[in-house]
Amino acid sequence: MEAIRKQATKLREQVARQQQAVLKQFGAGGYGGSDSLVTDEAELQQHQKLEKLYISTRAGKHYQRDIVRGVEGYIVTGSKQVEIGTKFSEDSRKYGAENTCTSGSTLSRAALNYGRARAQMEKERGNLLKALGTQVAEPLRAMVMGAPLEDARHLAQRYDRMRQEAEAQAIEVLKRQAKVRETPGNSESVMKLEAAEAKLQDLKSNMAILGKEAAASMAAVETQQQRLTLQRLIAMVEAERTYHQRVLQILDQLEGEMISERQRIEAAPSPSMDNSMPPPPSYEEVNGIYASQSNNGTTDSLYFLGEVVHPYQGESDVELNLSVGDYVVVRKVSNNGWAEGECKGKAGWFPFGYIERRERVLASKVAEVF
């Protein structure tokens, strides 16, 4: 369609050049300028105004169409992202609800919170896509395909055709004028000239009326086009701004929940002492008197290194003071929750739950034990 339009424009330009050449040829005889037969200053301004309006509304129409295509593409890809995000949300919530981790439910809670937040974000994305479709794409598409624009353009095209017809009639008048000059007193030539001049005058009158009507219609369409496009751009910006604000609120809340959970883990209190837990063995038992009872399950004799993960302050002479990061040589582990070992040259009892076993330790750390 565009190629046909370009070809028609090219043909019109060629015809116009030929007409101008003829006008110059016949207008050189002395009956006044040939341009004045068809156009005056007002009509020329009208014609130039219509050309500018036609170009402006055509560019506006193309921009509206580009916006519609862009929004439609965004909706298609966004819908796919919503589908992926919703599946991601469901997977996270499923893990959080079904996880049976024995070391705690921290990750389960985080997964549930993330799944909930992701579902909220995808809902907001869906609302954004819906708003872009109903508030941006549909109104612009309606104007691109609407009757007002097409009607105004048809008026402009009718004016253009009538103007070309008037130019052709002006050439005919010039020919008749030349014929009258060549055959003075020929009544037939005079009558034909008068008829040609009357037709030209009618064309010019109709052209002026149609030009004003086309210009007013095109100007109204241009104003509506500019206003509607700007309104839809503003609506698109507001919809996206609202979406990002709500998503930011959701992410802020989610981040706060996760950071709070992390801080709770990092600042976890020391394991509480069981009130029913018996006191540690006496000092004599530390020196091995209890070793003879290992066969009946009271204690197990073994040696391994453990790292202190919770601080402990001994409450009697037979208990060790432990700091986080210390290493202990564990020599006995009682079935009542106590362990006996050596740390920094001192031996004593301590709660076994306050350390974690280590298979490999730096040599410098081993030296600190003794």
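**Exercises on salt bridges**

Glu-83 has a relative accessibility of 51% and counts as exposed. The model is predicted, and the structure holds 14 salt bridges.

**Exercise 1.** Find the salt-bridge partner of Glu-83 and state where the pair lies in the chain.

*Solution.*
- Step 1. Glu-83 pairs with Lys-80, and their closest N and O atoms are 3.9 Å apart.
- Step 2. The cut-off for a salt bridge is 4 Å, so this distance qualifies.
- Step 3. Both residues belong to helix α3 (residues 41-98); because they are 3 residues apart, about one helical turn separates them.
- Step 4. Lys-80 has a relative accessible area of 46% and is partly exposed.

**Exercise 2.** Decide whether Glu-124 is buried or exposed, and describe its salt bridge.

*Solution.*
- Step 1. The relative accessible area of Glu-124 is 16%. Buried means under 20%, so Glu-124 is buried.
- Step 2. Glu-124 bridges to Arg-246, with 3.4 Å between the closest N and O atoms.
- Step 3. This pair links distant parts of the chain, 122 residues apart: Glu-124 sits in helix α4 (residues 106-144) and Arg-246 in helix α6 (residues 187-266).
- Step 4. Arg-246 is partly exposed, at 40% relative accessible area.

**Exercise 3.** Describe the salt bridge of Glu-188, then name the residues joined into one network.

*Solution.*
- Step 1. Glu-188 pairs with Lys-192; the closest N and O atoms are 3.4 Å apart.
- Step 2. The two residues are 4 residues apart in helix α6, which means a separation of about one helical turn.
- Step 3. Glu-188 is partly exposed at 48% relative accessibility, and Lys-192 is partly exposed at 38%.
- Step 4. Arg-118, Glu-122 and Arg-125 are joined into one network by salt bridges that share partners.

Technical notes: Residues numbered from 1 in each chain as written. Predicted model: local features only at pLDDT ≥ 70, side-chain atom pairs only at ≥ 80, totals over all residues. Heavy atoms only, no water. Salt bridge = Lys/Arg side-chain N within 4 Å of Asp/Glu carboxyl O. Buried < 20%, exposed > 50% of the residue type's maximum accessible area, 1.4 Å probe, protein only.
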